[in-house]
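Thank you all for making the time; I would like to walk through one model this morning, beginning with its strands and ending at its surface. Please have the sequence and the structure open as I go.

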Amino acid sequence: FWGNNLSLIHTNYGINDTTFTDTLINTVDYPYSYKVEIHNNSGLVDTPMIASSMFLDIEAADNELTLIFRKNIPWKNDHYIIYKQNKTNLEFDSLDVSPTDYYTDSKLKNGTKYCYKIKSIGSFDVDGFVNPIINYSQKNCGIPIDTVAPEPPILEVTSDCDNFFNILNWNNSSPTNEIIKYNIYY
């Protein structure tokens, strides 16, 4: 993200050609950072800014996935459009818009795979740059998983000493779909 180990990947001597496509790189597993230097006959014109690709991380929890949009950019992103893959046609449909660089998709089914990609929309605070600046993340998938243990039951015991038995009562404060069985020990 930070551009600490940049390598020269392209030199262009045409001033009107301001586009370059970086190919044969693994954008699924790694983010990439870039800077564009402009030189004249005297050398480097100005210290260039470094910008990274946007990288989508996903953190799984119980019935939800938190999407984290990681980036290193010199401009300000105004908002992010979250796209979720439609399981029927495998297209990415717009799910929501977030003003922050994270989003939690909830009410999901644990153990089911969900895939996302993010579109950021931003701009510089000064004129003279492309506006808006649009950047896409890679596609990333996550599977919600129940990481929270159910609440332990509160046990009440009523003894009937004359008839030699105990009555055990407990309440269940956890959702019933989280409890598979109860073990009783004495």
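Let me start with β5 and β6, which pair in the antiparallel sense over seven bridges, and I should say straight away that this is a predicted model. Within that pairing, A61 stands opposite E64 in β6. The two strands belong to an open sheet of three, in the order β5-β6-β9, and the pairing in this sheet is antiparallel. Because β5 and β9, the latter spanning 102–106, each have a single partner strand, they stand at the edges, and one side of each is left without a neighbour in the sheet. From one strand to the next, the twist averages 20 degrees.

Turning now to the interior, the largest nonpolar core has 13 residues, and those with the most contacts inside it are L56, L67, F69, I82, Y116 and I118. Two or more residues of this core come from each of β5 (55–61), β6 (64–70), β7 (76–85) and β10 (114–123). Apart from it lies another core, of five residues, including A51, I73, W75 and F124.

In soluble globular proteins, nonpolar side chains tend to be buried together. With that in mind, which residues form a nonpolar patch on the surface? They are L155, V157, L168, W170, Y182 and I184, which together have about 560 Å² of accessible area. At least two residues of the patch are supplied by each of β13 (154–160) and β14 (165–171). L155, which lies in strand β13, counts as exposed because its relative accessibility is 53%, where the cut-off for exposed is over 50%.

Conventions
Residues are numbered from 1 along each chain as its sequence is written. This is a predicted model: local features need pLDDT of at least 70, side-chain atom pairs count only at pLDDT 80 or more; totals for chains, interfaces and linings use all residues. Side-chain values use heavy atoms; hydrogens and water are left out. Patches are made of residues with over 30% relative accessible area and no salt bridge: like charges are joined within 9 Å, nonpolar side chains (Val, Leu, Ile, Met, Phe, Trp, Tyr) within 5 Å. Accessible areas come from the Shrake-Rupley method with a 1.4 Å probe; for residues, only the protein chains shown count as cover. A salt bridge is a side-chain nitrogen of Lys or Arg within 4 Å of a carboxyl oxygen of Asp or Glu. Helices (H or I, at least four residues) and strands (E, at least two) are DSSP runs, numbered from the N terminus. Buried means under 20% relative accessible area, exposed over 50%, partly exposed in between (1.4 Å probe, protein chains only). A nonpolar core is a set of buried Ala, Val, Leu, Ile, Met, Phe, Trp, Tyr and Cys residues joined through side-chain atoms within 4.5 Å. Two strands pair if DSSP finds at least two bridges between them. Axes are lines fitted to C-alpha atoms, for helices over the stretch in contact, and angles run from 0 to 180 degrees between N-to-C directions.
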